[in-house]
Amino acid sequence: MQKILISGASVAGPVLAYWLRRHGFEPTVVERAPGPRKTGGHAVDLFRPAMDIVEKMGVLAQIQARETGTEHLTVLRDGAKRPVEVDAKRVMQVLSRRHCEIMRDELAEVLIGASSGEVEYVYGDSIASLRQDEAGVDVTFERGAPRRFDLVVGADGLHSNVRRLVFGDERQFSRPIGAYLAVASIPNYLGLSDRTILVSGVDRIAGVYSARHMDDARALFLFRSARELEYHHRDVARQKQLLTEAFAGLGWEAPRLLAEAQRAQVFYFDTITQLRMDTWTRGRVTLAGDAGYSPGAAVGGSTSLAIVGAYVLAGELAAAGGDHVRGFRNCEETLREYVTSSRSLALTVAKRLIPGSPLGLWLFAQSAWLFNRVPTSWLRALARLSRSSVQMHDAFVLKDYADVGRPAAAAAAVHA
Ligand SMILES: Cc1cc2nc3c(=O)[nH]c(=O)nc-3n(C[C@H](O)[C@H](O)[C@H](O)COP(=O)(O)OP(=O)(O)OC[C@H]3O[C@@H](n4cnc5c(N)ncnc54)[C@H](O)[C@@H]3O)c2cc1C
């Protein structure tokens with residue numbers, strides 16, 4: 001039984017912990033936050049392979065019970081008189097045969113619960129140093145006593161601590177896609193439950209959504225800037241000022257959303273960044289989820305990629321009988337094409353969602369109008385033909401690692 005330390009208890013971390021435990025490893029998860037988050041976070045998407053994995057974990061029903069319930073999209077092109085209504089469920093059916101939208105913190109709660117009692121979760125701590133040798137990794141923590149593990153996995157997000165400690169400065173791998181993303185927790189003043197409202201202008205789109213079981217709402221802003229914006233990641237006042245400048249003059253709900261975002265206590269602002277690493281493994285340390293291969297928040301299906309990545313990592317390690325050199329290498333090979341396609345899709349989605357010209361904006365609004373008039377089967381066929389391969393999640397072939405690493409007798413007993 002190998003002891004494996006995982007940094008980060010959000011999406012990739014708990015999925016990895018669950019599957020490592022199932023394959024007979026001994027995972028420990030360390031999370032910087034003082035406990036499981038309760039604020040909700042933002043809405044994330046699970047597409048077909050991720051849905052299949054959570055089903056194998058036995059938590060599909062819990063996840064579906066917490067779906068945001070978004071069924072309608074109301075899209076207004078800036079300057080147009082009337083908004084266009086779009087069936088949100090159909091949009092997702094075109095992208096994937098199985099889909100669920102859920103708030104990230106609720107997803108994390110369910111995923112952590114899947115292995116509760118079997119996996120050690122340590123909250124309120126962070127790895128301070130890592131030192132590898134031939135046989136293991138010595139780890140010191142900011143608070144807890146030093147410990148030794150066989151392997152370490154960084155599942156600690158886009159600005160990963162493990163990646164910084166092992167691979168160095170994040171800027172070597174960060175590729176900003178030229179767009180910015182802000183999300184603010186605001187009062188649900190429109191009484192939204194099953195509807196997302198979007199107002200779209202050239203180089204910017206603002207929106208608001210809630211979930212059927214949520215008291216508040218989220219204001220969402222995506223925009224492009226001709227120049228690189230200068231701000232410190234802790235300087236929220238400056239970030240809010242940049243946001244206000246970027247959305248000045250946009251009509252309909254945008255001024256109210258901006259005003260609410262100014263008052264918001266929970267506020268996120270960052271450039272949308274892709275992580276590009278030739279390899280995300282060094283010796284006994286590897287990365288999973290956004291830490292290793294984020295295709296860009298909100299545009300690339302990164303939550304599904306994080307779930308699939310964690311599942312494959314655990315499975316390949318088990319299939320290699322715990323040989324980390326082989327397991328990590330096979331994991332990277334299995335994921336590489338999916339990671340590359342996710343990046344391409346993210347760039348396409350960002351281009352379509354934030355049109356860069358009046359013509360692009362008009363086409364965006366027309367496609368929403370046309371969408372309502374074309375049967376789903378046609379749209380799926382069209383999507384299959386598109387160069388950006390919007391159905392790339394469904395194209396990923398999920399291996400079944402159920403019996404790897406188990407003695408034949410035990411596997412037979414499970415099937416019986
Ligand atoms: C505003 C926003 C909107 C998004 N919208 C979407 C969307 O619409 N659809 C979609 O699929 N995805 C979306 N995403 C992306 C999605 O949230 C991520 O892809 C997904 O959460 C990745 O999971 P992860 O576990 O790899 O990383 P994360 O969810 O980032 O989790 C990392 C975890 O590591 C912890 N951590 C960080 N540092 C340390 C440390 N030093 N020590 C210990 N723990 C640490 C963090 O507290 C966190 O719990 C969005 C992201 C953002 C920010």
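## Ligand contacts

In this predicted model, an oxygen atom of the ligand sits 2.6 Å from an N or O atom in the side chain of E31. E31 is also listed among the closest residues to the ligand, together with S10, R37, H42 and S302. In total, 31 residues surround the ligand.

Two further polar contacts involve aspartates. A nitrogen atom of the ligand has a polar side-chain atom of D45 at 3.1 Å. With D290 the contact is to the backbone: a polar backbone atom of this residue is 2.9 Å from an oxygen atom of the ligand. On its own, the ligand has 1000 Å² of accessible area, and the protein covers 91% of that area.

## The shell around the ligand

Four elements each give two or more residues to the shell around the ligand. They are the strands β2 (26–31), β3 (43–46) and β12 (174–187), and the helix α10 (302–319). The most is given by β3, which supplies 3 residues. Two of the residues already named fall in these ranges: E31 is the last residue of β2, and S302 is where α10 begins.

By class, the shell holds 12 nonpolar residues, 11 polar ones and 8 charged ones.

## The cavity

How many cavities of 30 Å³ or more does a search of the whole structure find? The search finds 1. The volume of the largest cavity is about 100 Å³.

Its lining consists of 13 residues. Those nearest the centre of the cavity are A9, P36, R37, A108 and I112. R37 is also one of the closest residues to the ligand. Helix α5 (residues 104–113) provides the largest share of the lining, with 5 residues. Sorted by class, the lining of the largest cavity comprises 6 nonpolar, 5 charged and 2 polar residues.

## Helix α2

Is helix α2 (residues 48–56) mostly covered or mostly open? The helix is mostly covered, with 7 of its 9 residues buried. The buried residues are R48, P49, A50, M51, D52, I53 and V54. Charged residues are found in this buried set, including R48 and D52. Just after α2, G58 adopts a positive phi of about 80°.

Notes. Residues are numbered from 1 along each chain as its sequence is written. This is a predicted model: local features need pLDDT of at least 70, side-chain atom pairs count only at pLDDT 80 or more; totals for chains, interfaces and linings use all residues. Side-chain values use heavy atoms; hydrogens and water are left out. On a 1 Å grid over the protein atoms alone, a cavity is a set of points where a 1.4 Å probe fits but cannot get out, and a pocket is an open set with protein on both sides within 12 Å along at least five of seven lines; lining residues have an atom within 4 Å of a point. Grid points are joined across faces, edges and corners, and a volume is the space filled by probe spheres set on the points. A residue is near a molecule or strand if one of its heavy atoms lies within 4 Å of it. A polar contact is a pair of N or O atoms within 3.5 Å; within protein, one must be able to donate a hydrogen and the other to accept it, and residues adjacent in sequence count only if both atoms are side-chain atoms. Accessible areas come from the Shrake-Rupley method with a 1.4 Å probe; for residues, only the protein chains shown count as cover. Buried means under 20% relative accessible area, exposed over 50%, partly exposed in between (1.4 Å probe, protein chains only).
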